[in-house]
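Hello, and welcome to this short briefing. Please keep the viewer open while you read, so that you can look up each residue as it comes along.

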Amino acid sequence: MRQFHKHLTLNLKHTHKQHPNFFSIALPLPLTKPEKNQSLIPPKRRTTTYFFGKILLQKPISQNPILYYKQVHALIVLCGFQSDTFLSNTLISLYSKASNLRYARTLFDRMSERNLISWSSMVSVYSQHGYCEEALMVFIDFTRKCNESVNEYILASVIRACVGLDCGEQVHGLVVKYGLICDVYVGTSLIDFYSKRGGIDEARLVFDGLVEKTAVTWTTMITGYVKSGRSENSLELFNDMKESDVSVIPDRYVLSGVLSACANLKFIEGGKQIHAYVLRRDIEVDISVINVLVDLYTKCGRVKAARKLFDLIEAKNIISWTTMISGYMQNSFDKEAIELYCEMNRLCLKPDSFACSSVLTACSSLQALEQGKQIHAYTIKANLSSDDFVRNSLIDMYAKSDSLIDARRTFDSMTDHNVILYNAMIEGYARQEKLFEAFDLVNTMRLRSFKPNQLTFVSLLGVSAALFALKLSQQIHALVFKFGVSLDLFTGSSLIDVYSKCSLIKDARCVFEEMNEKDIVVWNAMFFGYTQQSENEEALKFYLKLQLSGQKPNDFTFAALITAASNLASLQYGRQVHNQIIKIGLDSDSFLANALADMYAKCGNFEDSSRTFSFTKLKDVVSWNSMISNYAHHGKAEEALKVFDQMIKEGIQPNFVTLVGVLSACSHAGLVEEGLRHFESMGKFGILPGTEHYACMVTLFGRAGKLSEAKEFILKMPIKPAAIVWRSLLSACRIAGDVELGKYAAEMAILTDPTDSSAYILLSNIFASKGMWKDVRRIRERMDFDKVVKEPGRSWMELNNKVHVFLARDKTHCESSQIYSILDDLILNLKGFGYPCEATTLFVND
C-alpha cells in the first residue's frame, strides 16, 4: 500500500505526457472513456478538484452506480482530497440519487468543513426520501452550528419535509423572519406545503403574494386546486396564467393539471379548447399529457376520440394502456377492455394492478368467468395478488359471475383481510340473496375486530329488502346506530328503500327527515317508495317539497311521478308532470317518453299517447311495446297490430313482451287465426313462448268460445301450466257458463297457487250464475279454511283537484254517510223501475 501511495504521488508530479492510467489499477470497473487528448490526471493540484468533480458527474457505464461512486470516492481519499468540501457535497448528492442514505450521512458526519451547500444537500436528501424528522433535525443542527445565513434552497427543502409534520407554519414564520417570503423558490414550496395539508386558501395567499412566478409555481397552484376538488379554480388560474404571464409557457405539468380538472368536471369543451391550444401553439408535449387527454375523453364519454388518440401514440407506456382499458370499463365497453388487455399481453407488456383491476371489473360485468380466471392467474404470476384493488376486483368478479365458491376460496386464501375485502364478499352473498352466509361473515368480521362501515350495511339492507325481511331490516338499522355510522346518502337511501318495500312508508319518511344531507337519489328513493305503496297523491305533493329544496329532479324522479299520475289515471296531474319534463329539457329522453305514452293511454287519451310516441326521436323496442300493449289493453286490436307491422318494417326486432302485447290484442278482438299465426311465428324471431304467451292463447280460444281447444292447448304445453293459464280458462268458462270445465280449471289453478283468491271468486261466480248457492257457500268456507283473503275492490275519482279513493264496504271517507244514503236511494229507484240485482256479482261485491 505504501509503495502504491508513493507511486501515485510520483506520478502526480510527472509532466502531462508521462501520466499513467492509474484508474485501471485502482478501479476494477471501467470508467467512461476520456475525450481525445484529455489527460486522466491533471497536472496541477488546484485543478484536481475540478477533475474529480467532472469524473463524478459523468454517467457511469457500470450497472452498479453505487459501486462506481464508492470506487471514485476511494480514489479521492487515496489522492488526499477527502477534506474537499465541493467533492464531498457532490458525493452526498450522488449517494442520495443512488438511494444510499447511509453513505451520504456517514460522509456528511465525517466532513471537516461544511458549508451552506453541505447542510442544504443533507436536508434535501432526507426530504426527498421522506425522512421528514431527520431533515428537520439536520436543519436545527445547521441553525446551531453553522454561522452562514439561511438561504432559499435550504428553506425550500425544510418546507418540503414539513409536509409530513405539523411544523410548517413555524417554518413559514422563519421564512418571513429571514425576508424570503417573496422568493419564488421558497414561495413555491410553501404553496405545495399548504396544498398537500389541505390549506388551499392559504396556498393561494402565498401565491398571490409572489411577484415573480415560474411555470413550476403555476403548476403547483393549479395541481393543488385539482387535488383539493376545486377544479373550477384551477381552470380560472390557467386562464390567468395565459393572460397575465406571457413569458411562462405551459409545460406538461401545467397541461396535465388543467386537463385533469376538465376530466373531473366532465368539461369536454374546456378540454378540447386546451387540446386545440396545445396544437395551435405547437407546444411540445410528452406522453403524460396525451395520457391525460385520453383520460379526459373517456371520462366525458368520447370513447372513440380517446381510442383514436391512443392509436396515434407511437411509444405507449403502461399508463397509456391502463388509461384506455379503464376508460373502456368506465363506459361499459367491457368487451373492448378485455380485447385491449389481450393485445397488451400479446405485445409482451406487463399490465399493472390498475389495468388488472379494470379488466376484472369488465369481466364481472360480462360474467366472463374464464377470462377472469386467466387474469387471476396472471396476477399471481406477476405478484399483484396482494394489491387491495386487485383482490377486491377478484372477489367481485367471481361473485358477479355466479361463482361464490371461487369468490370465497379467493377470500379465504388472503392472509391480511380488511374491511374492503369483507364488504366485497358480503356484497357477493347479498347479490345472490345468501342471507345466512352474509350475516355469518359479518359476525366473523366483528369477531376479528373489523368495524362494519356504510357499505357493509348497504349490502345487508339490499338483501333484506329483496327478501322483504322487515324484522331483520330493523335490526340492521339498530346496528347502524350502534356502530355510530352516520345516515349518509347510501345508508339513508337503502333504509328508505327497505322500509318502503316492507310497507312502512311512514318509517321511510322518518329516515328521510333525519338525514342531514340529501341528494336526488335519496329523494327518488322516497318517490318510488310512495308509488310502490300506492301513495300516489303523497308522491305528487312530495314533488313540491323537492322544488323548494333546490335539488334538480332527474329522469328517475319524473318516472316515479308519471307512475303516480298513471296509477291515479289523472290526466291533469300527468299533463303537469309532462310540462315539467319539457321545462327541464328531458322531453327527448326515450325512457320518459315511453312512460308518458303509457300514462296518457291509461288515462284514456290515445291522441296524446300517439303524439308522444310519434315525437320520440329514438324509438327502441320498449317504445313500440308500450304502444302495442296500450292499444291491446284498451281493446284497440287493429291499431295494436298496425303498430306491430310498422315496427317490423322499421327493422326493430320484437322481444318477449312484444308478442305478449300482440297476442293480447288478438284475444281482445277474437282474431283466432291471426293470433295462431303470430304465436307460431315466435320462433322466427328467436323467442321461446312463455307463460304469458300461453295464457293469451288460452284467453283467445276462450273468448272465441272454443273451450275444448283451449283445454287441449293447455294439456299440450311443453312447460308446466302456471296458475294464470288455468285462470284464463276458468274466466272463459265463467263467460260460457261451463260448470264442469270451470270446476276442473279452478281445481288446477288452486292446486298450482293455493293462496290466490281469483280462482275461488271466478268459480263462485259460475256457481252463482247457475243458482248453485250451496256451492257458493262451500267456496266461501274453503277460502276461510285455507286462509285465502280476497283483496278488496278499489276505485277512485278526481273531484275539485282532489282524488277520492274508495274500498269495498269502506266507511273511512269523511262523507261516507251521505254517499251510502244516496246509494240506497239509487238502489230503491232501480228496483222501482224493475231492474233486478245481478246474482253473479254478489260474491264479488260482498
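What follows goes through confidence, salt bridges, nonpolar cores, backbone angles, a helix pair and one serine.

This is a predicted model, and the mean pLDDT of its chain is 82. A pLDDT of 70 or more is reached by 90% of the residues. A search of the whole structure turns up 25 salt bridges, and the largest nonpolar core holds 180 residues.

**Where to take care**

- Residues 1-43 have a pLDDT below 50. Beyond near neighbours in sequence, this stretch makes 50 contacts in the model.
- Residues 839-846 also stay under 50 in pLDDT. For them the model has 18 contacts beyond four places in sequence.

**Salt bridges**

- As background, side chains of opposite charge can pair when their charged atoms come close.
- Arg230 and Asp201 form a salt bridge, with 2.9 Å between the closest N and O atoms. This pair links distant parts of the chain, 29 residues apart. Asp201 belongs to helix 12 (residues 200-209), while Arg230 sits in the loop between helix 13 (215-227) and helix 14 (231-244).
- Both partners are partly exposed: Arg230 has a relative accessible area of 27%, and Asp201 has one of 45%.
- Lys299 meets Asp295 in a salt bridge at 3.4 Å, N to O. The two residues are about one helical turn apart, because they are four residues apart in helix 17 (residues 287-299). Lys299 is partly exposed, at a relative accessible area of 28%.
- Asp396 pairs with Arg431, and the closest N and O atoms of this salt bridge are 3.7 Å apart. Asp396 is part of helix 23 (residues 388-400) and Arg431 is part of helix 25 (residues 419-431), so the salt bridge ties together parts that are 35 residues apart in sequence.
- Is Asp396 buried or exposed? With a relative accessible area of 16%, Asp396 is buried, whereas Arg431 is partly exposed at 33%.
- Asp396 and Arg431 also belong to one network with Lys400 and Glu427, joined by salt bridges that share partners.

**Nonpolar cores**

- Which residues touch the most other members of the largest nonpolar core? They are Phe238 and Ile496.
- Helix 33 (residues 555-568) gives the most to this core, contributing eight residues.
- Phe238 has contacts with Ile222, Pro250, Val254, Leu255, Val258, Ile274 and Tyr277, leaving aside its neighbours within four places in sequence.
- A second core, separate from the largest one, has 61 residues. Among them are Ala597, Phe606, Leu730 and Ala732.

**Positive phi angles**

- Most residues other than glycine have a negative phi, and the next two residues have positive values.
- Asn383 is not a glycine, yet its phi is positive, at about 60°. Asn383 lies in the loop between helix 22 (369-381) and helix 23. Asn383 counts as exposed because its relative accessibility is 60%, which is over the 50% cut-off.
- Ser503 likewise has a positive phi, near 65°. You will find Ser503 in the loop between helix 29 (489-501) and helix 30 (505-514). With a relative accessible area of 48%, Ser503 is partly exposed.

**A helix pair**

- In general, two packed helices are described by the angle between their axes and the distance between the axes.
- For helix 32 (residues 536-549) and helix 33, the axes come within 8 Å and cross at roughly 145°. The crossing is left-handed.
- Which residues of the two helices meet? From helix 32 they are Asn536, Glu537, Ala539, Leu540, Tyr543 and Leu546. From helix 33 they are Thr557, Phe558, Leu561, Thr563, Ala564, Asn567 and Leu568.
- Helix 33 is also the helix that gives the most to the largest nonpolar core.

**A buried serine**

- Ser667 lies in helix 39 (residues 656-669).
- Ser667 counts as buried because its relative accessibility is 3%, which is under the 20% cut-off.
- Not counting residues up to four places away in sequence, Ser667 touches Cys696, Thr699, Leu700 and Arg703.

Methods: Residues are numbered from 1 along each chain as its sequence is written. This is a predicted model: local features need pLDDT of at least 70, side-chain atom pairs count only at pLDDT 80 or more; totals for chains, interfaces and linings use all residues. Side-chain values use heavy atoms; hydrogens and water are left out. pLDDT is the predictor's confidence in each residue, from 0 to 100. Contact means heavy atoms within 4.5 Å. A salt bridge is a side-chain nitrogen of Lys or Arg within 4 Å of a carboxyl oxygen of Asp or Glu. Buried means under 20% relative accessible area, exposed over 50%, partly exposed in between (1.4 Å probe, protein chains only). A nonpolar core is a set of buried Ala, Val, Leu, Ile, Met, Phe, Trp, Tyr and Cys residues joined through side-chain atoms within 4.5 Å. Axes are lines fitted to C-alpha atoms, for helices over the stretch in contact, and angles run from 0 to 180 degrees between N-to-C directions. A crossing is left-handed if the near helix is turned anticlockwise from the far one by less than a right angle, and right-handed if clockwise.
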